Amino acid sequence: MSNNNTSSNRAAVPEAKGALNRFKFEVANELGVPLTDGYNGNLTSKQNGSVGGYMVKKMIEAQERQMSSGSQAQQTQL
């Protein structure tokens, strides 16, 4: 299976890398996961997965709110 030199850990928008990293630590803190800057091999897959999963959940919720407010603004313009 070829991966075509792509990495699933590469930011789609490189300029967002710092913000995503801060967001990761914010989520880890909310969940009580002792994430550190650097090596985190002492964390379980469940701990790491919970951080990533919750990040995705929060990003989807934020996008839904943005889309919802955008559609409301469009309806008032009609």
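Buried means under 20% relative accessible area, exposed means over 50%, and partly exposed lies in between (1.4 Å probe, protein chains only). The model is predicted, so local features need pLDDT of at least 70 and side-chain atom pairs count only at pLDDT 80 or more, while totals for chains, interfaces and linings use all residues. Residues are numbered from 1 along each chain as its sequence is written, and side-chain values use heavy atoms, with hydrogens and water left out.

**Exercise 1. The overall layout**

Work out how many helices and strands the protein chain has, and what share of its residues is buried.

Solution. Start with the secondary structure: there are 2 helices and 0 strands in the protein chain. (Helices are DSSP runs of H or I with at least four residues, strands are runs of E with at least two, and both are numbered from the N terminus.) Next, take burial: 12% of the 78 residues count as buried. Then turn to the surface, where the chain exposes about 6,600 Å², 52% of it supplied by carbon and sulfur atoms. (These areas come from the Shrake-Rupley method with a 1.4 Å probe; for residues, only the protein chains shown count as cover.) Finally, look at contacts, meaning heavy atoms within 4.5 Å. Of the contacts with a separation of 6 or more, 41% are between residues 24 or more positions apart.

**Exercise 2. The nonpolar core**

Find the residues of the largest nonpolar core and say which helix gives the largest share.

Solution. First, the rule: a nonpolar core is a set of buried Ala, Val, Leu, Ile, Met, Phe, Trp, Tyr and Cys residues joined through side-chain atoms within 4.5 Å. The largest such core has 8 residues: F23, V27, A28, V33, L35, L43, V51 and M55. Both α1 (17-31) and α2 (45-77) supply at least two residues of this core, and the largest share, 3 residues, comes from α1.

Now zoom in on F23, which lies in helix α1. F23 is buried because its relative accessible area is 16%. Beyond its neighbours within four places in sequence, F23 is in contact with M55, K58 and M59. The C-alpha atoms of F23 and V51 are separated by 9.9 Å, with their positions 28 residues apart along the chain. L43, another core member, is in contact with V33, P34, L35 and N48 once neighbours within four places are left aside.

**Exercise 3. One lysine, two glutamates**

Identify the salt bridges that K58 forms with E26 and E30, and place each partner in its helix.

Solution. A salt bridge is a side-chain nitrogen of Lys or Arg within 4 Å of a carboxyl oxygen of Asp or Glu. By this rule the count is 2. In one of them, the side chains of K58 and E26 meet at 3.8 Å, N to O. K58 lies in helix α2 and E26 in helix α1, so this pair ties together parts that are 32 residues apart in sequence. E26 is partly exposed, since its relative accessible area is 41%.

In the other, the closest N and O atoms of E30 and K58 are 3.0 Å apart. This pair also links distant parts of the chain, with E30 in helix α1 and K58 in helix α2, 28 residues apart. E30 is partly exposed at 43%. Through shared partners, the salt bridges join E26, E30 and K58 into one network.

**Exercise 4. A residue in the loop**

Where is N40, and is it buried or exposed?

Solution. Begin with its location: N40 lies in the loop between α1 and α2. With a relative accessibility of 15%, N40 counts as buried. A polar atom of the N40 side chain lies 2.7 Å from the backbone oxygen of T36. Not counting residues up to four places away in sequence, N40 touches P34, L35 and N48.

Technical notes: A polar contact is a pair of N or O atoms within 3.5 Å; within protein, one must be able to donate a hydrogen and the other to accept it, and residues adjacent in sequence count only if both atoms are side-chain atoms.
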